[in-house]
Every structure is written in structure tokens, then in C-alpha cells.
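Colleague: I am new to this structure, and I would like to find my way around it. Could you take some questions?

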Amino acid sequence: MTTVASNRTTMISDSRVSISEKGFAYPAVKIIKTKGILVGASGDGGDCTRFLNWAKEGFKEKDQPKWKTPQYSEDEIVGLILKDDGIYIWTQGGPEAERIEADFFAIGSGGKAARAANLMGADIETCVKVACEVDNVFSGLPLQILNLKD
């Protein structure tokens with residue numbers, strides 16, 4: 001799994017991909033900037049890569065990937081998208097990304113820890129660092145940080 005968090009200007013993720021049944025982990029890219037938006041993914045590693053590549057192509061419906069992981073499973077792909085007008089969440093069975101009416105949100109196995117840190121007043125970077133401490137099997141440093149306006 002992972003931790004991907006966004007406020008209205010920045011998206012931050014951990015970089016750990018865990019293959020727990022094999023007993024190892026490695027770093028990977030979990031967030032990208034493409035076509036003026038920021039996009040992050042959590043869930044099955046291969047599905048996350050397919051999602052990020054689909055984002056680079058503009059999320060064209062005809063190009064939507066075939067997902068390996070079944071809908072409603074623990075490793076189902078979930079996407080977080082930051083645009084000029086807000087934060088959006090994309091889920092595997094949804095018709096389109098839905099706008100989240102909040103200034104902060106986080107997804108993945110560390111998402112709840114990041115959201116709790118945010119409620120306690122932590123900045124976005126600290127939120128993801130806290131999530132990496134709490135969810136240390138599936139989320140880990142170094143952080144990946146992208147700004148919408150850079």
C-alpha cells in the first residue's frame with residue numbers, strides 16, 4: 001500500500017513498495033505531474049503504474065487500463081488528483097473522479113494516520129512522515145514532493 005496526501009497546493013507520497021509475502025521492499029514513484037495536474041496512486045503496485053501512465057495520456061476513457069486487482073479488494077487502485085479547483089479522488093468502479101470538499105486528504109494504508117496528523121494541526125510533510133512511522137511496513141521514506149504551481 002502507500003501514503004499519498006494532498007492539500008490545495010502540494011502532493012506528497014512515501015516511496016516504499018512492499019512485497020510482504022516475499023519479505024522485501026523497494027522505492028518507486030507514486031506521484032507525478034502531468035498536463036498541469038498532480039496525480040498519485042495507492043494499491044497494487046502494477047495497477048498504480050498503469051494508473052499513472054493512464055494519467056499521462058489524459059485519462060481517456062478508451063485508454064483506461066485493465067486492472068489486475070479486482071474492485072473492492074484490499075489492493076484496489078485508488079487515485080488522488082490535484083487540480084487548480086481542488087482535490088479529487090478516483091476509485092476503480094466510479095464513473096469519474098469525484099471532488100473532495102476539503103483542503104486536505106490522504107489515501108492508502110497510511111491515509112488515516114496522515115489525516116489524523118492533519119486534524120492535529122500538522123503540515124502536509126509532517127502528516128506523511130507520521131504516516132510512515134505508523135504504517136512502517138507499507139509506507140516509508142524518502143518522501144516525494146510535488147507542487148502544483150512549479
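Modeller: Gladly; the questions and answers below go through the sheets, the helices and some single residues of this predicted model.

Colleague: Let us begin with a sheet. Which are the edge strands of the open sheet with the order S10-S1-S2-S11?

Modeller: This sheet is made of 4 strands, and their pairing is antiparallel. Neighbouring strands in it are turned by 10° against each other on average, direction ignored. An edge strand pairs on one side only, and that holds for strand S10 (104-107) and strand S11 (144-147).

Colleague: Which residue in S11 is the bridge partner of Met-11?

Modeller: S2 covers residues 10-13, so to find the partner we look across to S11, where the two strands pair in the antiparallel sense over 4 bridges. The bridge partner of Met-11 there is Leu-146.

Colleague: And at about what angle to S2 does helix H3 run?

Modeller: Helix H3 takes in residues 124-134. It lies across strand S1 (4-7), S2, S10 and S11. Against S2, helix H3 runs at about 15°.

Colleague: Thanks! Now the other sheet: which are the edge strands in the order S5-S6-S7-S8-S9?

Modeller: Here we have an open sheet of 5 strands, again with antiparallel pairing. On average, its neighbouring strands are turned by 30° against each other, direction ignored. The strands that pair on one side only are strand S5 (31-34) and strand S9 (98-100).

Colleague: Which strands does H1 touch as it packs on that sheet?

Modeller: H1 spans residues 45-56. Its direction makes about 165° with that of S6. The strands it touches are S5, S6, S7 and strand S8 (86-91).

Colleague: What is the bridge partner of Thr-34 in S6?

Modeller: S5 and strand S6 (residues 37-42) run antiparallel and are joined by 4 bridges. They form a hairpin with 2 residues between them. Across that hairpin, Thr-34 has as its bridge partner Ile-37.

Colleague: Is Lys-35, in the turn of that hairpin, buried or exposed?

Modeller: Lys-35 is found in the loop between S5 and S6. It has a positive phi of about 55° although it is not a glycine. Most residues other than glycine have a negative phi. Its relative accessibility is 62%, and because the cut-off is over 50%, Lys-35 counts as exposed.

Colleague: What is the phi of Tyr-72?

Modeller: Tyr-72 is found in the loop between H1 and S7. At 70% relative accessibility, Tyr-72 counts as exposed. Tyr-72 is a residue other than glycine with a positive phi, near 75°.

Colleague: How many Å separate Asp-75 and Met-1 in space, C-alpha to C-alpha?

Modeller: Asp-75 also has its place in the loop between helix H1 and strand S7 (78-83), and at 32% relative accessibility it counts as partly exposed. Leaving out residues up to four places away in sequence, it touches Met-1, Gly-43, Asp-44 and Thr-69. Asp-75 and Met-1 are 74 residues apart in sequence, while their distance in space is 7.1 Å.

Colleague: Back to the helices. Why are H2 and H3 called oblique to each other?

Modeller: Two packed helices are described by the angle between their axes and the distance between the axes. For helix H2 (residues 111-119) and H3, the axes are 8 Å apart and the angle is about 135°. Angles over 145 degrees count as roughly antiparallel and 65 to 115 as roughly perpendicular; the angle of about 135° is in neither range, and therefore H2 and H3 are oblique.

Colleague: How many nonpolar residues are in the contact of H2 with H3?

Modeller: The crossing of the two helices is right-handed. Ala-113, Ala-114, Ala-117 and Asn-118 in H2 meet Cys-127, Val-130, Ala-131 and Val-134 in H3. Of these residues, no charged and 1 polar are counted, and the nonpolar ones number 7.

Colleague: Is Ser-15 buried or exposed?

Modeller: Ser-15 has its place in the loop between strand S2 and strand S3 (16-19). Beyond residues up to four places away in sequence, it touches several others, among them Tyr-26, Lys-30, Leu-141 and Pro-142. Its relative accessibility is 3%, and since the cut-off is under 20%, Ser-15 counts as buried.

Colleague: One last point: is the peptide bond from Leu-141 to Pro-142 cis or trans?

Modeller: Pro-142 has its place in the loop between H3 and S11. Most peptide bonds are trans. For the bond from Leu-141 to Pro-142, omega is near 5°, and the bond is cis.

How values were computed
Residues numbered from 1 in each chain as written. Predicted model: local features only at pLDDT ≥ 70, side-chain atom pairs only at ≥ 80, totals over all residues. Heavy atoms only, no water. Buried < 20%, exposed > 50% of the residue type's maximum accessible area, 1.4 Å probe, protein only. Contact = heavy atoms within 4.5 Å. Pairing = 2+ DSSP bridges. Axes fitted to C-alpha atoms, helices over the stretch in contact; angles between N-to-C directions. Parallel < 35°, antiparallel > 145°, perpendicular 65-115°, else oblique. Left-handed = near helix turned anticlockwise from the far one by under 90°. Nonpolar A, V, L, I, M, F, W, Y, C, P; charged D, E, K, R; others polar.
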